[in-house]
There are 2 protein chains.
Amino acid sequence: MQENPSPAAPRRRRADAQRNIDALLEAAKTVFAGSGVDAPAKEITDLAGVGVGTLYRHFPQRSDLVTAVLRREIDACAEAAPALSAAHGPDEALTKWLDRYTEFLATKHGLASALHSDDPAFEALRGSFLTQLGPALAALLDTAQAAGEIRPDVSAKDLLYAIALLCQPVPGEEPAYNLRMVAVLIDGLRYRT
Amino acid sequence: MQENPSPAAPRRRRADAQRNIDALLEAAKTVFAGSGVDAPAKEITDLAGVGVGTLYRHFPQRSDLVTAVLRREIDACAEAAPALSAAHGPDEALTKWLDRYTEFLATKHGLASALHSDDPAFEALRGSFLTQLGPALAALLDTAQAAGEIRPDVSAKDLLYAIALLCQPVPGEEPAYNLRMVAVLIDGLRYRT
DNA sequence: AACTATACGGAAAGCTATTCCGGTTAAGCA
DNA sequence: TGCTTAACCGGAATAGCTTTCCGTATAGTT
């Protein structure tokens, strides 16, 4: 992440800085879960016990924080694909993975909205989704499509975005609502006569 | 939309006020189309040529403006249902109406997002959708479900919201994308073996 | 122990939304 | 017409956030 083109030795990151970064990530994870990714920055810095300047030093853009908090979970989601593919038939593997992806999104209050924000700061988050989850889903999808069980005119990217849209919380509805609607969409993927 | 020809005890609305209201609605319609319903208030008041105070006097809540701008179109959408029902079979009538609803949403930049905002100010907008469009869709849906062509475990409200979610613009994707995904969802509504 | 690149915290600046109010004007009436 | 008055207007003031800036503090190095 850092370069060393100058003759001077590249100093290591200070320990206090690392502590604050950890505290911020931890606090952000908690706050995001409770108040969504649009929560006021101060709420996060207060919880982490640092000043706002510290937050912006380490995470100049809000999307940087969001991405950092989610990276592990995104990775875990992507890595679940091969196992499912090996353990189940094409259609079932795909369905199970989409279920997992759906659950991941549905529990992240406001994540789905941020993903579709027109704020260029979140471009990085979208890119992250595409590069990490895209290939994982594409593999499952190709297999299922090749097996003739899933319509061929829908791409991995299409699905990734569409499910993210459907996972946005609707006031007055439980998360179960979103899960049900995603299930309907997935049913729409299957071939019919 | 205005003009109460029966002047009763209370004073009539002043002509300049009416002019400003019309100008604001016209400006809001334009701005909403170009910058979405979240556009800065000042953009609207500047276009309308009035002060911000004037906007807030007539439309205390942002949702009041949005609702006023859309009322005609919402009504028109709801009123299209009976004709479709009379002219086509249950499944086709439902599909055609959903297509119309989808197109309506897809062309309104940011409307769908506002609809799912957790801001209580938009509660009125949601209510408006439900009371105007809900019955129209419910009639079509009931008929199609009774005919056994559409799964019975999805309600009119479910669909109204789900399609609104899918109609949110995705950065980097054309509106045609949203239309395609809605089509997949609708396919998911049909009975399968 | 001294030195200095890093990092810290919070004040300041910049934006928007929303409220408030002194001045203005259209409507009603003689 | 001209007067009276309630309705209305514009924009200044207020409020809540985000983001930048900078003087001070300190970890890591020598």
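The legends below describe several close-up views of a predicted model in which chains A and B are shown with DNA strands C and D.

**View 1. Chain A as a whole is built from helices, with 9 helices and 0 strands.** Read from the start of the sequence to its end, chain A follows the pattern α-α-α-α-α-α-α-α-α, and its C-alpha trace spans about 65 × 50 × 30 Å along the principal axes. Of the 193 residues in chain A, 36% are buried. Among the contacts of chain A with a separation of 6 or more, 65% are between residues that stand 24 or more positions apart.

**View 2. Chain A is divided into domain 1, residues 12–60, and domain 2, residues 70–189.** The C-alpha centres of domain 1 of chain A and domain 2 of chain A lie 28 Å apart, and the contact between these domains takes 5 residues from domain 1 and 5 residues from domain 2. On the side of domain 1 of chain A that touches domain 2 of chain A, the residues divide into 3 nonpolar, 1 polar and 1 charged.

**View 3. Two features recorded by UniProt can be placed on chain A, the one called "domain: HTH tetR-type" being assigned to residues 24–69 in an unreviewed entry.** Over residues 24–69 of chain A, the chain is 76% helix and 0% strand, and the end C-alpha atoms are 9 Å apart. The UniProt record, again as an unreviewed entry, also places "domain: Transcriptional regulator SbtR-like C-terminal" at residues 90–190 of chain A. That span, residues 90–190 of chain A, is 69% helix and 0% strand, with its end C-alpha atoms 12 Å apart.

**View 4. DNA strand C is surrounded by 26 residues, of which A:N20, A:V50, A:G51, A:G53 and B:A15 are the closest.** The elements that give two or more residues to the surface near DNA strand C are helix 1 and helix 3 of chain A, together with helix 1, helix 2 (41–48) and helix 3 of chain B. Helix 3 of chain A provides the largest share of the surface near DNA strand C, with 4 residues. By class, the surface near DNA strand C has 10 nonpolar, 5 polar and 11 charged residues.

**View 5. Around DNA strand D there are 25 residues, and those that come nearest are A:A15, B:N20, B:G51, B:G53 and B:T54.** Two or more residues of the surface near DNA strand D are given by each of helix 1 (15–35), helix 2 (41–48) and helix 3 (52–58) of chain A, and likewise by helix 1 (15–35) and helix 3 (52–58) of chain B. Here the largest share, 4 residues, comes from helix 3 of chain B. The residues of the surface near DNA strand D divide into 9 nonpolar, 5 polar and 11 charged.

**View 6. Where the two protein chains meet, 20 residues of chain B are in contact with 20 residues of chain A.** On the side of chain B that touches chain A, helix 8 (156–166) and helix 9 (175–189) of chain B each supply at least two residues, and helix 9 of chain B gives the most, with 7 residues. This side of chain B has, by class, 12 nonpolar, 3 polar and 5 charged residues.

**View 7. The largest nonpolar core has 109 residues, and those with the most contacts inside it are A:I163, A:L166, B:I163 and B:L166.** In soluble globular proteins, nonpolar side chains tend to be buried together. Leaving aside residues up to four places away in sequence, B:I163 touches B:L98, B:Y101, B:T102, B:L105 and B:V182.

**View 8. B:A124 is found in helix 7 of chain B, which covers residues 123–146.** Because 14 other C-beta atoms lie within 10 Å, B:A124 is partly exposed. When residues up to four places away in sequence are not counted, B:A124 touches B:S63 and B:T67. B:A124 and B:Q61 are 63 residues apart in sequence, and their C-alpha atoms are 10.0 Å apart in space.

**View 9. A:S113 lies in helix 6 of chain A, which covers residues 111–115.** A:S113 counts as buried because it has 23 C-beta neighbours inside 10 Å. Its C-alpha atom is separated by 19 Å from that of A:L98, the two residues being 15 residues apart along the chain.

Terms used
Residues are numbered from 1 along each chain as its sequence is written. Chains are lettered from A and ligands numbered from 1 in the order in which they are written. This is a predicted model: local features need pLDDT of at least 70, side-chain atom pairs count only at pLDDT 80 or more; totals for chains, interfaces and linings use all residues. Two residues are in contact if their C-beta atoms, placed from the backbone, lie within 7 Å. Ala, Val, Leu, Ile, Met, Phe, Trp, Tyr, Cys and Pro count as nonpolar, Asp, Glu, Lys and Arg as charged, and the others, Gly among them, as polar. UniProt positions are given in the numbering used here, feature names are shortened, and annotations may be inferred rather than shown by experiment. A residue is near a molecule or strand if its C-beta atom, placed from the backbone, lies within 6 Å of it. A nonpolar core is a set of buried Ala, Val, Leu, Ile, Met, Phe, Trp, Tyr and Cys residues joined through C-beta atoms within 7 Å. A residue is buried if 20 or more other C-beta atoms lie within 10 Å of its own, exposed if 12 or fewer, and partly exposed in between; C-beta atoms are placed from the backbone. Domain bounds come from an automatic or database domain assignment.
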